[in-house]
Amino acid sequence: MTSSGDAAAGKLCDNAVQYTSSVTPMQAQVIKPEEHFITEEPYYESIGDEIAVFSAAYRQKLPVLLKGPTGCGKTRFMEHMAWRLHRPLITVSCHDDLTASDLVGRFLVKGGETVWIDGPLARSVRSGSICYLDEIVEARKDTMVVIHPLADDRRVLPIEKLGELIEANEDFCLAISYNPGYQSVLKDLKQSTRQRFIALEFNYPAPDLEATIILKETGLPREMASKLVKFASMTRNLKGSGLDEGASTRLLVHAAKLITADIAPVTACHTAIAAALTDDAEMIAAINELSGSLF
Ligand SMILES: Nc1ncnc2c1ncn2[C@@H]1O[C@H](COP(=O)(O)OP(=O)(O)OP(=O)(O)O)[C@@H](O)[C@H]1O
Ligand SMILES: [Mg+2]
């Protein structure tokens, strides 16, 4: 890479910092929404009218469901929207042990006294933050129903243990995400949940745009970035013929980062993409052949 390329990479790589941290239940006691403002613009390349639609949904107090394959920009979009709307972003990664108390709050004994500690959802509702429940289908079914009264026009969160019904702050916004297709029927979103949300569909960006994302995220020159995108589309064509999913934009960014750190493109594609996608030795060899034909 040329020295001017290096300079561009350095500048652009600043954009790749992690903008927010997720909230885990153990941290529930220390959630401070003011610490969850995103002050620097997260780099996000718009793929359609999602920014306008999300902004309108926010103004109209409608909750939003982001769906799309892994690594296609959903989390980055949320970070970008939180920055755009000047709201703190409180992210919860859902998992099958996540209880309603983890979201809403619980009593804790502190210094001999029993005190109520708001969970991330209650904190968001009171403070007017954006609460982003990532991978919502991973959460237990009984956990999911706590969002129902918040996600319809009541916009309230009942806290049974306090006997309280909190009305959502004007600025509160609920967003959830999921990857359709990976779940079993058991883990699909219930109609009563999904029919409360505006649904924004995400997918891999068009080739030129995806190359731009790689370039801006890593500083990899466009010509090489375009080759990676071409390689990605070859792996995406293998979906259903031995691969569950093709290379995501995230994996392309990983490969590009290795290449800009002087790893040979074929090795970068093997380690960041082929071996990350599957454990099947034959499939890995087939994917390596594809990258070998390009690089
Ligand atoms: N539209 C985009 N603009 C900028 N960067 C993007 C975009 N789409 C993908 N990326 C890049 O891809 C990476 C992965 O995106 P992100 O973490 O948002 O995926 P995701 O859809 O949330 O995936 P998952 O469902 O696995 O959580 C980002 O860190 C970023 O580098
Ligand atoms: Mg994500």
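In this predicted model, P158 is found in strand β7, which covers residues 156–159. Is P158 buried, or is it exposed to some degree? It has 16 C-beta neighbours inside 10 Å, and because a residue needs 20 or more to be called buried and 12 or fewer to be called exposed, P158 counts as partly exposed. Once the neighbours within four places in sequence are left aside, P158 is in contact with P149 and L165. V146 stands 12 residues away from P158 in sequence, and the distance between the two in space, taken from C-alpha to C-alpha, is 7.8 Å.

V146 also leads to another residue, V104. Leaving aside neighbours within four places in sequence, V104 is in contact with V146, with L157 and I159, and also with G119, L121 and A122. V104 belongs to the largest nonpolar core, which has 45 residues, and it is one of those that touch the most other members, together with I130, I136, L157, L174, A175 and I176. The element that gives the most to this core is strand β9, residues 173–178, which supplies five residues. A second core, separate from this one, has 26 residues, including I213, L228, L251 and A268.

Two of the contacts of V104, L121 and A122, are also among the buried residues of helix α5, along with P120, R123, S124, V125 and S127. This helix runs over residues 120–127 and is mostly covered, seven of its eight residues being buried. After α5 comes G128, a residue whose phi is positive, near 75°.

The next stop is ligand 1. Which residues of its surroundings are the closest? Of the 19 residues that surround ligand 1, the closest are T70, G73, K74, T75 and R250. Three helices each supply at least two residues of this shell, namely α3 (74–84), α8 (207–218) and α10 (249–260). Sorted by class, the shell contains seven nonpolar, seven polar and five charged residues. Because domain 1 (17–201) and domain 2 (207–294) both give residues to the shell, ligand 1 lies between them.

Finally, the view can be widened to the whole protein chain, whose secondary structure comes to 12 helices and 10 strands. The chain has 295 residues, of which 41% count as buried. Among the contacts that link residues at least 6 apart in sequence, 72% join residues at least 24 apart.

Note on methods. Residues numbered from 1 in each chain as written. Chains lettered and ligands numbered in written order. Predicted model: local features only at pLDDT ≥ 70, side-chain atom pairs only at ≥ 80, totals over all residues. Near = placed C-beta within 6 Å. Helix = DSSP H or I, 4+ residues; strand = E, 2+ residues; numbered from the N terminus. Nonpolar A, V, L, I, M, F, W, Y, C, P; charged D, E, K, R; others polar. Domains from an automatic or database assignment. Core = buried A, V, L, I, M, F, W, Y, C linked by C-beta atoms within 7 Å. Contact = placed C-beta atoms within 7 Å.
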